[in-house]
Amino acid sequence: MVSEKDFQEKMRRLGALVGELDQLPAGGSKVAARELVQLLMEVHGTGLERILELVKESGREAGAAGETIIHRIGDDPIARNLLLLYGLHPDDLETRVIKALDAIKGRLRKLDCEVKLISIQEGDVQVRLHLSGHAHGSARKDLRSIVEGGLYDLAPDLTSLTILGAEDESSGFVPLESLVKHSFAAQTAERS
């Protein structure tokens, strides 16, 4: 059985090869190769769709087991990506985004941070990251990476991701110059 890591590497390689195909000069070979890839995708997609239909039919005969199996397939890291590739995943984008946020909340809580969904519109996802007063610099980047990684793992088909709060919240650090200027201005105002 192929590991998730091996599968992800194969998916990256497949993407790279498709990119190389796009770079080929126009001609009969390029057209034939693209048609081959598209036809292969259609055949595999049709086969996978039929498999899911058969599982559902079997589930209706045996109770709710079919839907349970399909959702279990959708939760599997390897099968999930295949279903997403063919547009067959049982969960819509919003459901997968919510699942992803729920999955990373524990890690973020340990880092004194939380994330909340702001909106999902036509594949554009916007979340707000609420940081502790102590997170700054590389810690903020790590928090962003946790959020990005979690979301792209379950919802790689989202169009864009905006993480609010990672840059715009105050870290609680006040520069010494600011304190000195403020103190000097306050002393001057008291003397007047």
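This text walks through a predicted model, from its largest pocket to its salt bridges and its strands.

Start with the empty space. Rolling a probe the size of a water molecule over the atoms shows where such space is left. In this model the largest pocket has a volume of about 450 Å³. Its lining is made by 16 residues. Closest to the centre of the pocket are Leu14, Val37, Leu40, Met41 and Leu85. Find these five in the structure, and you have found the middle of the pocket.

Which elements give two or more residues to this lining? They are helix H1 (4-23), helix H2 (28-62) and helix H4 (77-85). The largest share comes from H1, with nine residues. What is the lining made of, by residue type? It divides into 12 nonpolar residues, two polar ones and two charged ones.

Stay with helix H1 for a moment. Aspartate 6 is found there. Its relative accessible area is 42%, so aspartate 6 is partly exposed. Now look for isoleucine 78. Aspartate 6 and isoleucine 78 are 72 residues apart in sequence. In space, their C-alpha atoms are 9.8 Å apart.

Next come the charges. Side chains of opposite charge can pair when their charged atoms come close. How many salt bridges does the structure hold? It holds 12. One of them is formed by arginine 34 and aspartate 22. Their closest N and O atoms are 2.8 Å apart. Arginine 34 lies in helix H2 and aspartate 22 in helix H1, so this pair ties together parts that are 12 residues apart in sequence. Are the two partners buried or partly exposed? Arginine 34 has 33% relative accessibility, so it counts as partly exposed. Aspartate 22 is partly exposed too, because its relative accessible area is 37%.

Another salt bridge sits inside one helix. The side chains of aspartate 102 and lysine 105 meet at 3.6 Å, N to O. Both residues lie in helix H5. They are three residues apart, about one turn of the helix. Aspartate 102 counts as partly exposed because its relative accessibility is 47%. Lysine 105 is also partly exposed, at 33%.

A further pair is lysine 116 and glutamate 114. The closest N and O atoms of this salt bridge are 3.8 Å apart. Lysine 116 has 45% relative accessibility and counts as partly exposed. Glutamate 114 has 39% and counts as partly exposed as well. Salt bridges can also link up into a network. Arg50, Glu53 and Glu57 are linked in this way.

Now follow the chain past helix H5 (93-110). Between this helix and strand E1 (114-121) there is a loop, and aspartate 112 has its place in that loop. Check its backbone. Most residues other than glycine have a negative phi. Aspartate 112 is not a glycine, yet its phi is positive, at about 55°.

Go on to the loop between E1 and strand E2 (124-130). Glutamate 122 is found here. E1 and E2 form a hairpin with two residues between the strands. In this hairpin, glutamate 122 takes a positive phi near 50°. Is glutamate 122 buried or exposed? Its relative accessibility is 79%, so it counts as exposed.

The two strands of the hairpin pair in the antiparallel sense. Seven bridges join them. To see how they line up, find serine 119, which stands opposite glutamine 126 in E2.

E2 has another partner. Five bridges join E2 to strand E3 (residues 160-164). These two strands run parallel. Here valine 127 stands opposite isoleucine 163 in E3.

Last, look along E2 from end to end. In a regular strand the side chains alternate between the two faces of the sheet. E2 shows such alternation. Which side chains of E2 are buried? Val125, Val127 and Leu129 are buried, and they point to one face. Asp124, Gln126, Arg128 and His130 point to the other face and are not buried. Two of these names have come up before. Gln126, which is not buried, is the residue opposite serine 119. Val127, which is buried, is the one opposite isoleucine 163.

How values were computed:
Residues numbered from 1 in each chain as written. Predicted model: local features only at pLDDT ≥ 70, side-chain atom pairs only at ≥ 80, totals over all residues. Heavy atoms only, no water. 1 Å grid on protein atoms, 1.4 Å probe; cavity = no way out; pocket = protein on both sides within 12 Å on 5 of 7 lines; lining within 4 Å. Points joined across faces, edges and corners; volume = space filled by probe spheres on them. Helix = DSSP H or I, 4+ residues; strand = E, 2+ residues; numbered from the N terminus. Nonpolar A, V, L, I, M, F, W, Y, C, P; charged D, E, K, R; others polar. Buried < 20%, exposed > 50% of the residue type's maximum accessible area, 1.4 Å probe, protein only. Salt bridge = Lys/Arg side-chain N within 4 Å of Asp/Glu carboxyl O. Pairing = 2+ DSSP bridges.
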